[in-house]
Amino acid sequence: MDTIVGMKTFAAVAAHESFTEGARLVGISTKLASKYVGQLEERLNAQLFNRTTRSVSLTDTGRSYFDQCLPLIEQFDELEELVQQRQTELAGRIRITAPTGYGSSQLVHLLQPFQTANPKVSIELHLSDSHVSLIEEGHDLAVRFGALKDSSLVARKLMDMRIVCCASPYYLEKFGHPKEPTALTTHNCLLQTTTSHTDQWEFKGPDATYRVPVSGNFRANSPLAVANMAADSLGIGRVPLYTAQPFLDSGRLQLIFEREEAKVIGLYAVYLPNRHLTARVRAVIDHLGSPAMTKVRFDRPHRSNLKNG
């Protein structure tokens with residue numbers, strides 16, 4: 001354990017008389033906070049807290065240590081910030097978690113110019129379709145679709161992603177090109193189970209949005225699985241544009257109902273509300289949120305070869 005980390009953990013716990021709240025502020029788990037404080041007490045050979053099942057309070061020694069270490073922590077933070085501000089070359093590790101499909105395709109391409117410009121920055125990318133805990137897993141940053149549900153985190157919106165309907169040219173030739181979204185009730189629709197209203201697809205009408213009930217013989221919790229099945233002519237899928245884009249580029253899929261698209265999903269950079277966000281993490285967030293990164297690939301419309309009939 002780094003001494004400064006131990007002191008910061010101790011100070012946060014002491015200030016709030018709570019291991020849970022102190023750990024949240026430092027950005028670690030409660031278990032890890034307890035471990036750090038225990039190691040600090042062992043190194044000092046002194047008991048800093050009185051602990052019961054219901055409360056945490058400073059001992060006399062702990063109170064004296066708290067009063068003395070606070071100015072040291074503030075001086076260290078000021079020094080670290082000064083060095084970061086003057087640093088001309090970013091360096092160090094950034095741990096990022098992201099959805100599997102987006103992370104393995106679009107995100108890696110967006111990160112490439114950042115790493116080329118900052119060769120001393122090491123990025124560790126963890127891909128998961130579950131929302132992993134930044135604190136428990138030790139991630140600096142999460143890239144996530146959808147509104148922020150955890151109020152203890154900070155989210156910066158990077159872009160809006162279109163949700164598109166698509167089918168293969170063969171499927172449309174064989175089963176007919178639906179003239180309007182309500183015709184989807186007669187088609188085999190491929191459903192993504194990780195979205196809200198799985199069995200109802202939302203579209204834009206002349207005056208308001210409306211939902212169309214859909215059904216089909218294939219469901220998956222992966223948009224890529226839905227896109228692959230649609231490309232193999234099983235039915236009509238509805239997925240984020242980034243998932244459909246490679247199939248659209250190759251001609252295996254075509255967009256339908258572009259004029260009626262009603263749904264977009266926000267892409268966010270999510271991070272802990274630490275007072276001192278490192279310069280490299282701030283830089284990668286700024287990079288991902290820059291117009292050059294968010295608009296180059298998806299800002300243009302992609303027109304189907306066939307018109308909605």
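In the packing of helix α1 against helix α3, Thr3, Val5, Gly6, Met7, Thr9 and Phe10 of α1 meet Ala33, Tyr36, Val37, Leu40 and Arg43 of α3. The model in which this contact is seen is a predicted one. Helix α1 covers residues 3-16 and helix α3 covers residues 30-44, and the two pack at an angle of about 110 degrees with their axes 9 Å apart. Because angles of 65 to 115 degrees count as roughly perpendicular, α1 and α3 are described as roughly perpendicular to each other. The crossing that these two helices make is left-handed.

A second helix pair is formed by α8, residues 223-231, and α9, residues 241-250, whose axes come within 9 Å and cross at roughly 30 degrees. With angles under 35 degrees counting as roughly parallel, α8 and α9 are therefore roughly parallel to each other. In this pair α8 passes α9 in a right-handed crossing, and the contact is made by Pro223, Leu224, Ala227, Asn228 and Ala231 on the side of α8 and by Tyr242, Thr243 and Phe247 on the side of α9.

Helix α9 also contains alanine 244, which counts as buried because its relative accessibility is 0%. When residues up to four places away in sequence are not counted, alanine 244 touches Val164, Cys166 and Val239. For one of these partners, cysteine 166, the C-alpha atom is separated from that of alanine 244 by 7.8 Å, although the two residues are 78 residues apart along the chain. Val239 is likewise among the contacts of glutamine 192, a residue of strand β7, which spans residues 189-192. Glutamine 192 has a relative accessibility of 10% and so counts as buried; beyond its neighbours within four places in sequence, its contacts are Thr198, Ala220, Pro223, Val226, Arg238, Val239 and Pro240. Pro223, one of these contacts of glutamine 192, is also one of the α8 residues that take part in the contact with α9.

Across the protein chain as a whole, 11 helices and 13 strands are assigned, and 45% of the 309 residues count as buried. Of the contacts between residues at least 6 apart in sequence, 73% join residues that are at least 24 apart. The largest nonpolar core has 43 residues, and within this core Ile94, Tyr102, Val143 and Ile285 touch the most other members. For valine 143, the contacts that remain once neighbours within four places in sequence are left aside are Ile96, Thr97, Ala98, Pro99, Tyr102, Leu107, Leu267, Tyr268 and Leu288. A second core, separate from the largest one, comprises 20 residues and includes Ala11, Ala14, Ile28 and Ala33. Of these, Ala33 is also one of the α3 residues that meet α1.

Aromatic side chains were examined next. A search of the whole structure finds 10 aromatic pairs. One of them joins phenylalanine 203 and tyrosine 210, whose ring centres are 6.3 Å apart and whose planes stand at 40 degrees, an arrangement that is classed as tilted. The two members are not alike in accessibility, since phenylalanine 203 counts as buried at 2% relative accessibility, whereas tyrosine 210, with a relative accessible area of 28%, is partly exposed. Elsewhere, Phe10, Phe19, Phe49, Tyr65 and Phe66 form one aromatic cluster, of which Phe10 is also among the α1 residues that meet α3.

Backbone geometry was considered last. Most residues other than glycine have a negative phi. Against this background, asparagine 45 has a phi near 55 degrees, a positive value in a residue other than glycine, and serine 233 has a positive phi of about 75 degrees although it is not a glycine. Asparagine 45 is found in the loop between α3 and β1, the strand at residues 49-51, while serine 233 lies in the loop that runs between α8 and β11, the strand at residues 236-240. With exposed residues being those over 50% relative accessible area and buried residues those under 20%, asparagine 45 counts as exposed because its relative accessibility is 70%, whereas serine 233, with a relative accessible area of 18%, is buried.

Note on methods:
Residues numbered from 1 in each chain as written. Predicted model: local features only at pLDDT ≥ 70, side-chain atom pairs only at ≥ 80, totals over all residues. Heavy atoms only, no water. Core = buried A, V, L, I, M, F, W, Y, C linked by side-chain atoms within 4.5 Å. Buried < 20%, exposed > 50% of the residue type's maximum accessible area, 1.4 Å probe, protein only. Contact = heavy atoms within 4.5 Å. Phe/Tyr/Trp six-rings, centres within 6.5 Å; stacked < 30°, edge-to-face > 60°. Axes fitted to C-alpha atoms, helices over the stretch in contact; angles between N-to-C directions. Helix = DSSP H or I, 4+ residues; strand = E, 2+ residues; numbered from the N terminus. Parallel < 35°, antiparallel > 145°, perpendicular 65-115°, else oblique. Left-handed = near helix turned anticlockwise from the far one by under 90°.
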